[in-house]
Amino acid sequence: MKNLRRKTLAAASAVTLGVGLAVTGGLAPATAAGPDTTFLVLAPQGATTGKAAARVAAAKGTVVAKYDQIGVLVVRSTNPDFVTDVAGAGVESVASTAGLGTALEESETVEVSAAEAANITADPTKEPLYGQQWDMPMIDLPQAHAVNAGNSGVVVGVLDSGISSSHPDLATQIAKDKSTSCLGGTVDTAEAAWNPTTSDHGTHVAGTIAAAVNGVGVAGIAPGVKLAAVKVVNDDGYIFPEAAVCGFIWAAEHGFQLTNNSYYIDPWELNCRNDARQRPVWQAVQRAIRYSANKGVLNVASAGNSNYDLAHKLDDFGSPNNGTPEERENLTNACLDLPAEAPGVVTVSAVGPTGQKSYYSSYGQGVIDVTAPGGDTRFRTQGVRSTLTDGILSTTFNTATKTNGYGYKQGTSMSGPHATGVAALAASAHPGMSPGQLAALLETTSVAQSCPDGVYNPVPLIPAGPHAYDATCSGGERNGFYGAGMVNAYNAVK
């Protein structure tokens with residue numbers, strides 16, 4: 001992998017969300033207190049956290065959040081020797097989250113003025129901006145809405161940067177009693193806590209999933225369902241592991257049917273289970289995801305924007321991103337893009353307006369489950385430049401002026417919520433399905449899409465070079481670019 005990947009995983013030209021985690025070990029004895037640091041402390045699988053909590057106290061740490069359901073503690077400590085001091089009976093692994101993570105990289109959001117909106121032709125949804133939502137006809141949304149537009153008993157968690165509760169297309173859609181901030185690994189249900197402060201990424205994602213059909217702006221895929229804002233991105237643009245774990249557990253305990261996730265866990269873009277520094281990441285996140293699935297939650301994740309073959313991992317030269325990157329080569333599939341490659345998670349690639357793989361979208365035979373519109377503002381067809389309107393139009397929130405609006409973004413962060421929205425319609429039309437059954441329905445109702453011939457090159461990118469986005473698709477009807485195919489809202493509900 002090239003350094004090109006570093007700030008393009010979650011949403012190219014939109015937002016990159018990352019989680020930071022690394023194990024520190026063998027620290028030299030110190031007499032002075034160190035910085036106030038957050039740690040994840042894991043009890044053995046299936047064990048309670050009682051013994052681990054006692055070890056934490058003995059090592060001069062304070063438990064700030066306890067997740068007995070999965071045997072994970074979130075701990076703060078100024079003890080520079082905490083990792084070595086806490087080791088012992090009742091503690092399986094420990095990881096520090098100090099200063100790690102990938103900062104959010106905001107996109108250029110193209111806002112749509114009221115005058116422009118007035119000149120756009122309305123269509124069956126009666127939404128004035130629907131004419132610019134090329135992505136919705138691609139998944140047969142008007143036909144689906146004639147059958148089922150979603151049930152309010154279905155709750156979709158948006159694990160992201162918060163949702164604007166004052167947006168006219170979202171204000172009626174949010175289940176405020178199921179929304180929270182998970183920053184620091186602890187819950188804060190105050191409305192101000194889960195509203196956006198530095199990024200409108202979550203607001204954009206939310207609009208794609210369930211913007212109200214109210215004649216105001218855009219149409220959401222499942223406007224009849226409820227959204228829950230689960231804020232996991234802090235004001236500096238980081239998602240730390242304690243926030244992600246908190247989000248999955250919150251979803252499990254509050255009756256969510258779905259969560260949408262657009263991030264990977266830093267500082268290692270590929271988290272290797274066979275590396276002691278990274279193993280606690282896998283353990284904590286997988287425990288949380290498995291627990292949520294057992295509680296009826298289907299988790300959907302973006303594949304990433306690195307144009308990387310996740311089925312054939314060779315190297316990772318950009319990690320860790322909190323210090324000097326290591327030249328990691330000859331990697332194996334024990335190294336995973338999390339949460340996208342965690343078992344039970346639906347992994348989504350992105351396509352542009354032509355239905356071809358977006359130039360940035362990661363891929364991989366056996367990794368990608370489905371594909372969905374994510375936008376491709378760089379290229380439309382071979383040799384032809386496209387425009388920013390080839391991105392995904394959705395709801396936005398200007399965090400500087402505190403105003404709501406609409407704008408375009410692109411990335412697998414945008415394709416993920418399309419799959420989540422279709423899954424929400426399916427859950428509404430076919431109540432009582434388990435997460436596994438719902439994932440299977442999402443795949444079997446998708447429209448199969450064949451691999452392009454030869455090496456896929458959407459157009460040479462200058463100055464990155466003529467082969468910067470080369471990719472090779474493998475597989476038949478189910479393949480590495482598109483998985484089972486393009487999600488289809490009508491097929492999912494009919």
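Is E191 buried, partly exposed or exposed? E191 counts as partly exposed, at 33% relative accessibility. The notes below concern this residue and other charged side chains in what is a predicted model.

1. E191 pairs with K176 in a salt bridge, with 3.4 Å from N to O. K176 sits in the loop between strand 7 (155–160) and strand 8 (180–181), while E191 belongs to helix 6 (residues 191–194); the two are 15 residues apart. K176 is likewise partly exposed, because its relative accessibility is 41% and the partly exposed class runs between 20% and 50%.

2. A salt bridge also joins D200 and K409, at 3.1 Å from N to O. D200 is in the loop between helix 6 and helix 7 (201–210) and K409 is in strand 22 (residues 403–409), so this pair ties together parts 209 residues apart in sequence. D200 has 7% relative accessibility and counts as buried. K409 counts as buried too, at 1%.

3. R287 and E92 form a further salt bridge, their closest N and O atoms lying 3.5 Å apart. Since R287 lies in helix 9 (residues 279–294) and E92 in the loop between helix 2 (82–86) and strand 5 (93–96), the contact ties together parts that are 195 residues apart in sequence. The partners differ in burial: R287 is buried at 5% relative accessibility, whereas E92 is partly exposed at 39%.

4. Three residues, D369, E443 and R478, are linked in a network of salt bridges.

5. The count for the model comes to 8 salt bridges. Among them are K176 with E191, D200 with K409 and R287 with E92.

Conventions. Residues numbered from 1 in each chain as written. Predicted model: local features only at pLDDT ≥ 70, side-chain atom pairs only at ≥ 80, totals over all residues. Heavy atoms only, no water. Salt bridge = Lys/Arg side-chain N within 4 Å of Asp/Glu carboxyl O. Helix = DSSP H or I, 4+ residues; strand = E, 2+ residues; numbered from the N terminus. Buried < 20%, exposed > 50% of the residue type's maximum accessible area, 1.4 Å probe, protein only.
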